[in-house]
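Morning, everyone. I'd like to walk through the sheets in this one and what packs on them. Here it is.

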Amino acid sequence: MAIKNYNHTVAERLMRYVQIDTTADPNSTSFPSTEIQKDLGRLLVQELLDLGVEDAEMDEWGYVFGTVKGNTSNDVPTVCFCAHMDTAPDVTGKNVKPILHKNYDGKPITLPDDTTQVITTEKHPYLKEKIGDDLITASGKTLLGADDKAGVACIMDFVEYLMGNPGIKHGDIRILFTPDEEVGRGVDHLDMEKLNADYGYTLDGGVLGSIEDESFSADAVKITIHGVSAHPGYAKGKIINALKLGGEILAALPRDSWSPETTEGREGFVHPTSFDGIQEKATIGFIIRDHETSKLAEYEERLKGIAEEVVAQYPGASMDFEVTEQYRNMKEVLKTVPFVTDYAIEAMKKADITPRPVIIRGGTDGSRLSFMGLPCPNLFTGEMAIHSKHEYVSVQDMQKAVQTMGELVQIWEKHI
């Protein structure tokens, strides 16, 4: 039974949610990294309660939980739908003014609060597929926050649909909204026993029909360079400037490969993300990415060798090289339970959507959840041009995501 004759609420929900600032802070040591993320969490709990989700709650860490209770006599696995509430710190998420553009005609969209921000099909080719759709953008001075409040809106709309249509047979469905996904800590404090789900799907993907069950594997590297400090007026033969050594290490990296700006598809990279310090001590932060986990160690050894070669030229200088695991390719888990992805593809087809299996050049909460015992591919929401002032989403894409979830829970109910 497909979703028909239902007045979707995704557009209204998204436009309401994005006006609540939930920007994450990568420099914070608290969890969540910003307390303002709980503002949206509290609203979602109340909306879930109003919809009849009796156990809706937010815990001390800012995770929002809820259960749409099953209505079938079949013994069906518990499926979780998950989205993150925080937005990226790359562009401000404060004072977002969402704009609904009805029946998009393919012409450039000039954003009113900063007319230098123009969204065009040349810059964003996917828009060519969205002519006739209703689009939501920000006003030019902020990101929109469809990443991932579009996912939040889709799940909430789906809950409203299920609660109003008890004829749709399904097992227990767990709802999860997380903080701090954008700073890589989205499931750091998640209580998996409390979540109590068997399989999951994140709603955090882009183009209509996209399904992602393969992500990067990821490490972080911190190189700390120890130099020698002295008064600059009397420093000849004494100073070893850690900042300069750091600059030499960065300059020694390949210019035509091994970087985000020179790779695509399945190619991995080594990417410097921060450089801080004084002449006595400097720190360079890197992210290391590849779809083959074994390659991370190769990249790290090569990077370490480059750094050691630079430092070795300066007797008296030294360095530390620290590797931290971030997440692993979800495919390593999902290939053992291929039906989780297969059911989603089947659901899209039933909703008259052409599936687009793609790989993620990045990661989602689902990457880590998969290794925490919840196999969890990523489904589309329509969110595009994320982390930018050009961010947009198609209302019809969001509605199709809701329809996909509707088909998906019915498929799970039958495959016992």
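Start with S11, residues 217-226, and S13, residues 281-290: 10 bridges join them, and the two strands run antiparallel. In that pair, Ser-217 sits opposite Asp-290 of S13.

Some ground rules. This is a predicted model, where local features need pLDDT of at least 70 and side-chain atom pairs pLDDT 80 or more, while totals for chains, interfaces and linings use all residues. Numbering runs from 1 along each chain as its sequence is written, and side-chain values use heavy atoms, without hydrogens or water.

Terms next. Strands (E, at least two residues) and helices (H or I, at least four) are DSSP runs numbered from the N terminus. Pairing takes at least two DSSP bridges between two strands.

Now the whole sheet. It is open, four strands, order S12-S13-S11-S14, with antiparallel pairing. S12 (269-277) and S14 (318-327) are the edges; each has a single partner strand, so one side of each lacks a neighbour in the sheet.

Two helices lie across it. Contact here means heavy atoms within 4.5 Å. Angles run from 0 to 180 degrees between N-to-C directions, with axes fitted to C-alpha atoms, for helices over the stretch in contact. H5 (242-251) crosses S11, S12 and S13, at about 20 degrees to S13. H6 (293-311) crosses S11, S12, S13 and S14, at about 155 degrees to S13.

Second sheet: open, three strands, S4-S7-S17, antiparallel pairing. Its edges are S4 (99-101) and S17 (392-394). S4 pairs with S7 (135-137) over three bridges, and Ile-99 stands opposite Thr-137 in S7. Helix H10 (395-414) packs on this sheet, touching S4, S7 and S17, at about 60 degrees to S17.
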